[in-house]
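Reader: I have not met this structure before and would like to be taken through it step by step. Could you show it to me, and then let me ask about its parts?

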Amino acid sequence: MNRLNYNRGFTLVELMVSLIIVSISIIALYYMFLQGQTLMIEQNHRRAAFEKAKQKLIEQEVRYYSNDYETGVDTGEDFLAEPDEEIEFQGVSASYSVTKILDPDNDVPFVTVTYTWTESSGRDYEVTLAKSFIKRAS
Amino acid sequence: MKRNRQNSGATLVEVMVTLIIASSFFVALLKIYTYGIEQYGTISMKYKMYEETSWAFEQMEEIIWVASSANITSSRLELNIPEIGGDAYGSGWIEFYVNGRDHTLRMNDRRNGFNNFNQQILPVTSRQRIRRFGARELVYGVIDAQYEFADDYGYSIKIDLTVEDLTAEDDEDDEVKLLKISTVAFMENRI
C-alpha cells in the first residue's frame, strides 16, 4: 500500500518517546508536590513537639514546687524520677527525655526536655527546651 | 500539494503550538505552586520565630520578676536573684547575652558557677534538618538584643529582640527577613 508521507500519523516509537517524556515530567511534578506536602506535615510535627515540650516543662516545674517528688534535694540526684519514654503524636513516634540537674550546693534545679524523632522522609528532628526553675517571691 | 482534510492528522506546527500553550499553562501552574510553598515556608518561619521568641521572653520575664537588681551593659542583661524561700532556691546572678558567633541568645545561670548552666534559649531547637527542596536548612538567628529600663525608677525592663530568617534571600526586604519584637517586664522583687 502506498502511503503518502503527509497523511501518516505518529509512529509507535514517536508515541513511546513522547509518553516517556510526559511520564518523567509527571513523576517529577509528583515528587515536587510530595515534598511540599512533607514540608507542611513536618512543620506541624515540630510545632506539636514544641508545645508538648513546653507542657512537660510546666508539669515538671509544678511537680517540683508542689513537693510531689522523690527527695533527692540533698544529694543532687534525680528529683523527679521519670523514665525516658516513647510517645506518639500525630502519627510520629518520638522519644522523649528529661534531664534534671540539681546542684547540691545551691539547690538550683535546671531541667531540659528533649523530643527527638525521625520523619518518614528519613529526616531527624530534635526540639529541646531548657529552664532554670525560679520561684517567684510570695 | 493537495491535502485530504478528512484523512489529515495534526501538522507539526499544530502540535508545536498546542505543546507550547500546554507547557505555558503547566509552567504557570507550577510557578503558582512553588510560590505558594515559598510563602508557606516564609510564614511558617515567621510563626516559628515569633513562637520561640515569645517562649524566650517568658523565660526572661520570669527571672526579671524575681530579680532584686539589674545591670545593663552593652546588649547584656545581668539580673541579681536573691535567695527566695529558704534552702531550695539559689541566689546569685543570671545573665542574658547574644552570642555573635552562632547568633544565639544565651542565658548564663551563674548561681551554680560561672558557666555551669550556660544555656541557649533562642533558637529553641538545637538541631533541625529540614531542607526546602534540598537547598538549605531552615534556621533563624538572633541578630540583636537591646535592654533598657522602661521607667525612671528602674522598676521595669524593656527588651527588644531582633531575629533574622536566615533562609530568606539576601535581596529580600527587612520586613520579610526580620522579626523585631519587644516586651516589658516588671521587677516585682526589686529592693
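Reader: To begin inside one of the sheets, which residue of β4(B) is the bridge partner of B:Asn99?

Author: This is a predicted model, and in it strand β3 (residues 92-99) of chain B runs antiparallel to strand β4 (residues 104-109) of chain B, the two being joined by six bridges. Within this pair, the bridge partner that B:Asn99 has in β4(B) is B:Thr104.

Reader: Which helix packs on that sheet, and what angle does its direction make with that of β5(B)?

Author: The helix is α1 (residues 12-66) of chain B, and it touches β2, β3, β4 and β5 of chain B as it packs on the sheet. Its direction and that of β5(B) make an angle of about 135 degrees.

Reader: In what order do the strands of this open sheet lie, and which of them stand at the edges?

Author: The sheet has five strands with antiparallel pairing, in the order β1-β2-β3-β4-β5 of chain B. Because β1 and β5 (117-122) of chain B have a single partner strand each, one side of each is left without a neighbour in the sheet. From one strand to the next the twist averages 20 degrees. The strands at the edges are therefore β1 and β5 of chain B.

Reader: How many residues lie between β1(B) and β2(B) in their hairpin?

Author: Strand β1 (residues 69-73) of chain B and strand β2 (residues 76-81) of chain B run antiparallel and are joined by five bridges. Among the paired residues, B:Ser69 has B:Asn80 as its bridge partner in β2(B), while B:Thr73 has B:Arg76. In the turn of the hairpin B:Ser74 has a positive phi of about 35 degrees, and the number of residues between the strands is two.

Reader: Which residues make up the covered face of β2(B), and which residue of β3(B) stands opposite B:Leu79?

Author: The uncovered face of β2(B) holds B:Arg76, B:Glu78 and B:Asn80, whereas the covered face is made of B:Leu77, B:Leu79 and B:Ile81. On its way through the sheet β2(B) is also joined to β3(B), with which it runs antiparallel, by five bridges. Opposite B:Leu79 in β3(B) stands B:Ile94.

Reader: Which residues touch the most other members of the largest nonpolar core, and which element gives the most to that core?

Author: This core has 42 residues, and those touching the most other members are B:Ile63 and B:Leu105. Leaving aside neighbours within four places in sequence, B:Ile63 is in contact with B:Leu79, B:Ile94 and, from the other chain, A:Ile134. The element that gives the most to the core, with seven residues, is α1(B).

Reader: Which strands of chain B form the open sheet of three, and at what angle does α1(B) run to β9(B)?

Author: The three strands pair antiparallel in the order β7-β8-β9 of chain B, with β7 (140-149) and β9 (178-186) as the edge strands, each pairing on one side only. Neighbouring strands are turned against each other by 15 degrees on average, direction ignored. Nine bridges join β7(B) to strand β8 (residues 156-165) of chain B, and B:Gly141 stands opposite B:Glu164 in β8(B). Lying across β7, β8 and β9 of chain B, α1(B) runs to β9(B) at about 20 degrees.

Reader: Turning to chain A, how far apart are the end C-alpha atoms of helix α1 (residues 12-65)?

Author: From the N terminus on, the elements of chain A run α-β-β-β-β. The helix has 54 residues, so at 1.5 Å a residue it should span 80 Å. The buried residues of α1(A) include A:Leu39, A:Ala49 and A:Tyr64. The end C-alpha atoms give a distance that agrees with the expected span, namely 78 Å.

Reader: Which residues of chain B have a pLDDT below 50?

Author: The mean pLDDT of chain B is 82, and 85% of its residues reach 70 or more. One stretch falls below 50, although it has 13 contacts in the model beyond near neighbours in sequence. Where pLDDT is low, the predicted coordinates should not be read in detail. That caution applies to residues 130-136 of chain B.

Technical notes
Residues numbered from 1 in each chain as written. Chains lettered and ligands numbered in written order. Predicted model: local features only at pLDDT ≥ 70, side-chain atom pairs only at ≥ 80, totals over all residues. Pairing = 2+ DSSP bridges. Helix = DSSP H or I, 4+ residues; strand = E, 2+ residues; numbered from the N terminus. Axes fitted to C-alpha atoms, helices over the stretch in contact; angles between N-to-C directions. Contact = placed C-beta atoms within 7 Å. Core = buried A, V, L, I, M, F, W, Y, C linked by C-beta atoms within 7 Å. Buried ≥ 20, exposed ≤ 12 C-beta atoms within 10 Å, placed from the backbone. Expected span 1.5 Å × (residues − 1). pLDDT = per-residue confidence, 0-100.
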